[in-house]
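Visitor: Could you take me in for a close look at one part of this model, the inside? I'd like to know what is tucked away there and what it sits against.

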Amino acid sequence: MRMESSEEEDDFPCIESVTPQSKIDSLYQSNTEKGIRKICFELLDLKDAVENLCGNTRTKCLAFLRLSEEVVETEHELNELRKHISAQGILVQDLMNGVRRELDEWSRASGDIQEANESSRSSDYDDTFINDMEDENVLFLENIDVLLAEHKIDEVIDAIDAKERSHPELKSSGDTSSTEPSSFKSALSKRKKMLENQLVEITERPSIGIVELKKALSDLLKLGKGSLAHQLLVKSYRSRLQKSIEAFLPLCPCYPETYSATVSNLVFSTISLTTKESSAMFGDNPVYSNRIIQWAEREIEYFVRLVKEHAPPSDGAPALHAASVCAQASLNHCNALEKQGLKLSKLLLVLLSPYIEEVLELNFIRARKAVLDASSDEGKPLSPRFASPLSTFATTSDTLLIESGMRFIYVVKEIVEKLTQLVILHFGANILTRISRLFDKYVDSLIKALPGLSEDDNLTELKEPVPFRAETDSEQLALLGTAFTIAEELLPMVVSRIWNVLNESKEVGSENIMPAANNTVELKDWRRQLQHSLDKLRDNFCRQYVVNFIYSRDGDARLDAQIYLSGVGEDSIWDTDPLPSLPFQALFGKLQQLATVAGDVLLGREKIQKVLLARLTETVVMWLSDEQEFWSVLEDESAPLQALGLQQLILDMHFTVEIARFAGYPSRHVHQISSDIIARAVRTFSARGIDPQSALPEDEWFTETAKGAINKLLLGGSGSDASEIDDDHIIMHDGGMSDSDGSPSPLSSADSSESFASAQMGDLDSPVYLSDPES
């Protein structure tokens with residue numbers, strides 16, 4: 001218990017003294033009362049200060065009102081003083097006239113008294129008339145001054161008009177014979193000037209309405225101030241336009257693609273309204289019409305500057321859309337203004353063309369970067385209409401190839417969709433040319449993806465990194481198919497809107513919508529530009545393909561002139577069953593193999609297959625025709641030429657022509673080059689004493705032998721010579737000759753008879769000679 005009590009004492013220490021509650025209440029109550037009293041005194045002081053301020057404000061307002069009344073009274077007194085001064089001036093003028101008349105009388109005092117009396121009576125009559133007229137004029141001027149002071153403009157104009165009708169001399173600008181009317185005319189002119197100043201002041205008011213403006217201008221016309229009234233009309237509408245534009249400009253960033261159309265509406269609607277008002281008030285006066293045209297041209301120049309200054313960045317799609325919308329809206333307004341006699345379309349195009357050209361150039365630069373950059377995110381999903389044709393190559397090629405094709409179509413489609421009808425009409429040819437150039441750049445990027453072109457001097461950008469490589473036959477054919485599909489199918493669909501607009505403009509033939517002469521392009525010319533790019537891609541493919549076929553990895557030519565020299569190697573053996581030389585047998589097998597792959601990769605595109613195989617065959621014979629090393633061996637005087645070698649060479653050329661005819665693709669060029677090779681070979685062998693007429697069989701023999709060789713190769717009946725190829729001549733390398741691992745490959749198989757598209761065994765039954773098969 002003792003321990004517990006000690007713990008309680010620790011928790012609750014002993015309090016020695018306790019302050020009474022009454023003392024605490026009195027202490028805090030006194031402090032609170034002091035604070036309240038202090039706040040009350042401060043509030044009373046604040047109340048006195050507010051009352052003093054209100055009193056001062058009231059005193060100042062009353063003083064201001066008194067001052068305003070005094071200003072009004074002073075203005076009234078000034079008007080009265082002006083009237084008095086005017087009246088005194090007239091009196092002074094009258095006194096001067098009186099003195100002049102008295103001097104005239106004195107000068108005639110020496111005359112006849114009767115004449116002096118008559119003159120005196122006449123003078124009294126004139127003085128009476130002049131005094132009466134002067135009194136009337138003074139009253140008239142005083143009345144005008146009162147009306148002007150009261151701003152009763154209509155009454156002033158009516159009074160002046162009535163006075164001038166009753167006294168036509170007041171309107172004349174010439175001198176009068178007397179001084180009295182001249183002084184009144186001068187005074188009246190001063191009043192008219194004061195009235196004119198009041199009307200000008202009215203037109204320059206910031207808040208003036210249209211009705212009030214037209215009324216003031218009409219009054220100026222009544223005063224004969226037509227030129228001034230027209231200037232004020234143009235000035236007033238220009239001021240209204242400036243205020244409208246200044247109010248809208250802060251909103252331009254909110255509408256980056258349509259702000260230009262709004263500004264165009266403001267500018268051209270003001271021009272149209274001003275033209276209508278000018279015609280209604282001033283008629284068809286050429287002076288005023290020319291002034292309207294000059295003003296409209298200045299406003300259009302200002303409008304184009306505004307569009308450029310507030311446009312989005314020129315390399316973006318919004319800038320292209322903004323420029324297109326601007327041109328569309330502005331040209332539509334110009335077409336409407338032509339009905340009012342204002343032809344402003346040419347000026348607008350001259351001013352807008354550099355800006356639109358700049359936007360187009362920068363957008364196509366952006367498009368080129370997007371197409372060539374594999375990491376670009378420009379491409380977005382395309383509709384099945386555009387994506388499906390390219391998707392057919394996805395299984396046989398790198399996905400980057402398909403993505404690049406889709407990016408190309410997307411960026412071109414995006415650009416075309418941003419264009420408006422009138423922009424297409426005036427800039428369509430330029431846009432189509434830029435699209436064909438963009439496609440050419442895209443083809444260059446595809447060429448870089450082909451193997452074996454690192455040493456090509458014709459391409460300047462090969463050192464740049466290539467996003468993908470087409471190594472196998474299927475990948476290379478997919479690359480070609482992608483380019484041909486874009487050029488032949490997708491791109492015409494994308495630009496069909498441009499062609500439709502251009503064709504419609506030709507059919508309508510209206511002067512208002514016809515494009516400029518230098519802005520026309522024919523569809524066949526544009527397709528020819530695309531075809532030129534495709535030919536470049538195809539030729540590069542064929543060149544690298546044939547080079548890999550003819551040359552080994554060590555750089556030795558497999559198609560060597562030694563096979564046509566008697567006694568050199570086994571290729572020169574001519575037995576009872578002649579065949580083309582091994583390189584040409586290998587060419588036949590290679591074309592069969594490529595045709596099989598092309599049938600799978602380019603399914604449904606037989607035209608591309610035939611053109612490609614025809615070009616490959618042409619490239620082989622073109623190489624043989626132009627290879628100087630080959631001909632230098634045959635034309636060397638020490639070379640052992642014999643008729644058997646010439647016969648073998650001619651058979652190879654016939655065999656090549658028969659391959660082209662059998663495969664069903666064009667052979668005109670192959671035939672021509674083969675004929676040139678045969679003619680050159682005959683000249684070479686004839687120079688060495690070999691008579692072609694006696695040493696060679698008939699042409700029919702070569703044709704039938706070439707056909708028979710194709711039959712044998714297709715049926716596999718050629719024996720070991722056809723099924724195996726010497727390692728020194730032909731080797732099937734991976735990625736070069738075939739997709740195999742490099743082992744010797746047979747030239748034909750039981751299933752190879754259907755390798756070529758559109759080829760049938762029955763085609764060999766009809767006789768074909770080495771003449772133009774397409775003539």
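Guide: Sure, and one term comes before anything else: a residue is buried if its relative accessible area is under 20%, exposed if that area is over 50%, and partly exposed in between, using a 1.4 Å probe and protein chains only. By that yardstick, buried residues account for 42% of the 775 residues in the chain.

A word on the ground rules. This is a predicted model, where local features need a pLDDT of at least 70 and side-chain atom pairs count only at pLDDT 80 or more, while totals for chains, interfaces and linings use all residues. Numbering runs from 1 along each chain as its sequence is written, and side-chain values use heavy atoms, with hydrogens and water left out.

What is the chain built from? It has 25 helices and 0 strands. Both are DSSP runs numbered from the N terminus, with H or I over at least four residues for a helix and E over at least two for a strand. As for contacts (heavy atoms within 4.5 Å), take those between residues at least 6 apart in sequence: 79% of them join residues at least 24 apart.

Now to the middle of things. A nonpolar core is a set of buried Ala, Val, Leu, Ile, Met, Phe, Trp, Tyr and Cys residues joined through side-chain atoms within 4.5 Å. The largest one here holds 154 residues, and Phe 408 and Leu 477 have the most contacts inside it. Helix 14 (residues 421–449) contributes the largest share of that core, 16 residues. There is also a second, separate core of 31 residues, with Phe 140, Ala 159, Leu 199 and Phe 282 among them. In soluble globular proteins, nonpolar side chains tend to be buried together.

Let's stay with Leu 477 for a moment. Leaving aside residues up to four places away in sequence, Leu 477 touches Phe 541, Leu 594, Val 597, Ala 598, Val 601, Leu 602 and Leu 612. Leu 602 turns up again with Gly 481: the two C-alpha atoms are 6.4 Å apart, though their positions lie 121 residues apart in sequence. Gly 481 is part of helix 15 (residues 473–494), and it counts as buried because its relative accessibility is 0%.

Next, helix 18 (residues 582–601). Of its 20 residues, 16 are buried, which leaves the helix mostly covered. You can check its length too: the expected span is 1.5 Å times one less than the number of residues, so helix 18 should cover 28 Å, and its end C-alpha atoms are indeed 28 Å apart. Helix 24 (residues 699–715) passes the check as well, because 24 Å is expected for its 17 residues and its ends are 25 Å apart. Its buried residues include Phe 702, Lys 707, Ile 710 and Leu 714.

Over in helix 8 (residues 259–282) you'll find Glu 277. Glu 277 counts as buried because its relative accessibility is 13%. Outside its sequence neighbours up to four places away, it touches Lys 214, Leu 233 and Tyr 237. Thr 274 is in helix 8 too, and it is buried, with a relative accessible area of 0%. Beyond those same four places, Thr 274 touches Leu 233, Tyr 237, Ile 292 and Trp 295.

For contrast, here are two residues that are partly exposed. Met 406 in helix 13 (residues 399–417) falls in that class because its relative accessible area is 24%. Its C-alpha atom is 9.1 Å from that of Ile 486, 80 residues apart along the chain. Glu 301 in helix 9 (residues 286–309) is partly exposed because its value is 36%. From Glu 301 to Leu 351 the C-alpha separation is 7.2 Å, with their positions 50 residues apart along the chain.
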